[in-house]
Protein chains: 2
Amino acid sequence: MSLGILTTYRAGIQEGLKSALAGGSRLRSILRYHAGLEDEAGRPADATGKFLRPSLVLFVATQLGADVEQAMPAAIGLELIHNFSLIHDDIQDADRTRRGRPTVWTVWGTNEAINAGDLMQAIAVSCALRAGSDVAGVLLAATDEMIEGQSLDLGFESRQATLDEYLRMIDRKTGALLRAAFTLGGVVAGADASVRRTLLILGSSIGRAFQIQDDLLGVWGDSGVVGKPCGSDIRCGKKSYPTILAFERARDEELSLLESIYARDEVTDEDVAWVMALMDRHRIRETGQETVRSHLEESESALDALGLSPAGRNDMNELLEYLAGRSK
Amino acid sequence: MSLGILTTYRAGIQEGLKSALAGGSRLRSILRYHAGLEDEAGRPADATGKFLRPSLVLFVATQLGADVEQAMPAAIGLELIHNFSLIHDDIQDADRTRRGRPTVWTVWGTNEAINAGDLMQAIAVSCALRAGSDVAGVLLAATDEMIEGQSLDLGFESRQATLDEYLRMIDRKTGALLRAAFTLGGVVAGADASVRRTLLILGSSIGRAFQIQDDLLGVWGDSGVVGKPCGSDIRCGKKSYPTILAFERARDEELSLLESIYARDEVTDEDVAWVMALMDRHRIRETGQETVRSHLEESESALDALGLSPAGRNDMNELLEYLAGRSK
């Protein structure tokens, strides 16, 4: 991926992460491993994520007149909160790999992985605090929301969520930190209340578009690009946007068969094909794409209101286009 | 226990906790359960801890001229950090009960307990932040230290620690938050650098005394008072101060037998009696008590330097006496 918004700040963010996670303890070296800065033996590695959230903080802050240095603690704080949540998420989902590497709990055990996430959270907020109480306060509120979303998601394991409940959950679980990226950029730059409201709308709509697009890719994504096979979320029984909408739209025998497939331990290729055909009949993909598009239009209006520089607007358009069709 | 320092602030702290943990989500009701404010069904309960740390924050702050309201966010923040660590600690140690009630993970599962601890940490810092960046910064630094101590402790599961390593570990794992109680009181009251240094010495020495005393009670405590049977820490193979010192002092066959007992899955009454006799021969309890006493003397000198009110000095003396002989 070569989005301008991601390449511009990449090196700076990497340096910021290294310095935030410096230190001689075993636990801190585990954090550097998780962040992709080191391998299991503590040797330098280059396995970091794409830094979407911190890049957005820096982008928004600089567009609104702050300089990169001023915004960096907020950006790093947000990226570290994201990373803390991933460490604990991997324990909770029993995921064994992340970005092609063994997850922290598989290498150091669950107990140490709990400690690692705990410490990452504390370091994240310490970092943000260097940019002031307002920045730390916004980051903490987003962290709170994200964890509440995590808990709502857990609740759905035992019962079927409606699409509305699902969207409210995902708005917190993954939306909170994306919204915070925009808000933090505004706070760092000392934006007024009206600009901050616009940023919140922008963050909400982009976040929603991003998540639904991600869910669509879990079913219709091209494995070469997304890193998982087509129909992958159906195969592993993940109840994301397409599945929940399919449950809402399926009727009678269709619904019974759908329920029985999602109740099975082993899902066959035939099952996956049948579910995908059902989703086609009910135009699930189209509905999802239309929803993504409408959120992106909302983002466009918010962007118009922000009055970015031509170069900045260009970078954002590039990001929105990428979000609108991530499979390409 | 009816220590003045604990009774004075009890009601205020309980109110502060209730308000910090208010909210309609399931996760927040789990936090209120853990804090002892509610039962599993969300009905009011009275099962809180003794509030040692927040009481110390309020005591120190008011002794140095701040008012209780001003110091409350720091006190509540510290108590919540302590509670976050307990929720995760109970998962890590697979402890099924705490203060006579089922632990969070046994009631709501490990995944939700991880979320609960994560949220408690975020709420704790948000709370402290209301008293300013300095207060939040001190709390975060203490949290960082505590988690590093937790990680060091985990490392000792796979190898025998020396007494020195053990003391450095415990100084972080449990000492960090006790030291923070004193430091936070000073920060809230705007104490100068010299007073803050004295508070740090006071917190360190009291913390060390408190921990070693606690470890001694794990072996020689009266079950009616401490809530666990005499020799309890020997029976469950816990490597605390007395055990580590016993390992350092035992020689030849004595050491081999000691090692073989601690390697066993099931420890008999005879084993416990033999270990306690060995500890007697090596004057482990006396050494521990002398160490506690010397830390308490250090505390006395620090207290002299602080110049408390007569009533305040009286309260602290009562606390020190309690720490010096907690089994009584």
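## A chat about a two-chain model

Guide: This is a predicted model. In helix H17 of chain B, Asp315(B), Met316(B), Leu319(B) and Leu323(B) are buried.

Visitor: Where do those buried residues sit around H17(B)?

Guide: On the same side of H17(B), because they cover an arc of only 95 degrees around the axis. An α-helix has 3.6 residues a turn, so residues three or four places apart point the same way.

Visitor: What about the other side of H17(B)? Which residues are there?

Guide: Pro310(B) and Ala311(B) are on that side, and both are exposed.

Visitor: And what covers the buried ones in H17(B)?

Guide: Four helices of chain B are included in the cover: H1 (4-20), H3 (52-63), H10 (193-220) and H16 (284-306).

Visitor: How many residues does H17 of chain B have?

Guide: H17(B) has 15 residues, running from 310 to 324. From first C-alpha to last, H17(B) reaches 21 Å. That is close to the 21 Å expected at 1.5 Å a residue.

Visitor: Switching to the two chains. What turn lays chain B on chain A?

Guide: A turn of 180 degrees, with a shift of 0.0 Å along the axis. The RMSD is 0.0 Å. This is the relation of a two-fold axis.

Visitor: Which C-alpha of chain B is nearest that axis?

Guide: The one of Ser133(B), 2.9 Å from the axis.

Visitor: What surface do the two copies use?

Guide: The same surface serves both: 100% of the contact residues of chain B recur in chain A.

Visitor: How many residues are in contact there?

Guide: 31 residues of chain B are in contact with 31 residues of chain A.

Visitor: Which elements of chain B give two or more residues to that side?

Guide: Four helices of chain B: H2 (26-34), H4 (68-92), H6 (110-129) and H7 (133-155).

Visitor: How do the residues on that side of chain B divide?

Guide: The side of chain B that touches chain A has 12 nonpolar, 14 polar and five charged residues.

Visitor: H6 is on that list. Is H6 in chain A largely enclosed or largely open?

Guide: Enclosed. 19 of the 20 residues of H6(A) are buried, so that helix is largely enclosed by the rest of the structure.

Visitor: What span should H6(A) have?

Guide: At 1.5 Å a residue, its 20 residues should span 28 Å. The end C-alpha atoms of H6(A) are 29 Å apart, which agrees.

Visitor: Now domains. Which ones does chain A have?

Guide: The domain assignment gives domain 1 (1-168) and domain 2 (192-328) for chain A. Over C-alpha atoms, 23 Å separate the two centres.

Visitor: How many residues does the contact take from each domain of chain A?

Guide: 12 from domain 1 of chain A and 15 from domain 2 of chain A.

Visitor: Which helices supply the domain 1 side?

Guide: In chain A, H1 (4-20), H3 (52-63) and H8 (163-173) each supply at least two residues of the side that touches domain 2. H3(A) gives the most to that side, with three residues.

Visitor: And by class, what does that side have?

Guide: The side of domain 1 of chain A that touches domain 2 has nine nonpolar, three polar and no charged residues.

Visitor: Let's do single residues. Where is Ala35(A)?

Guide: Ala35(A) lies in the loop between helix H2 (26-34) and H3 of chain A.

Visitor: Is Ala35(A) buried or exposed?

Guide: Buried. Ala35(A) has 23 C-beta neighbours inside 10 Å, and 20 or more is the cut-off for buried.

Visitor: What does Ala35(A) touch?

Guide: Leu17(A), Leu21(A), Thr48(A) and Asn83(A), not counting residues up to four places away in sequence.

Visitor: What's odd about the backbone at Arg99(B)?

Guide: Arg99(B) has a positive phi of about 50 degrees although it is not a glycine. Arg99(B) is in the loop between strand E1 (97-98) and strand E2 (101-102) of chain B. With 13 C-beta neighbours inside 10 Å, Arg99(B) counts as partly exposed.

Visitor: What about the phi of Asp252(B)?

Guide: Asp252(B) has a positive phi of about 50 degrees too, although it is not a glycine. Asp252(B) lies in helix H14 (residues 252-263) of chain B. Asp252(B) is exposed, with 7 other C-beta atoms within 10 Å.

How values were computed: Residues are numbered from 1 along each chain as its sequence is written. Chains are lettered from A and ligands numbered from 1 in the order in which they are written. This is a predicted model: local features need pLDDT of at least 70, side-chain atom pairs count only at pLDDT 80 or more; totals for chains, interfaces and linings use all residues. The expected span of a helix is 1.5 Å times one less than its number of residues. A residue is buried if 20 or more other C-beta atoms lie within 10 Å of its own, exposed if 12 or fewer, and partly exposed in between; C-beta atoms are placed from the backbone. The arc is that of the directions from the helix axis to the C-beta atoms. Two residues are in contact if their C-beta atoms, placed from the backbone, lie within 7 Å. Copies are superposed by least squares on the C-alpha atoms of residues with pLDDT of at least 70 in both. Ala, Val, Leu, Ile, Met, Phe, Trp, Tyr, Cys and Pro count as nonpolar, Asp, Glu, Lys and Arg as charged, and the others, Gly among them, as polar. Domain bounds come from an automatic or database domain assignment.
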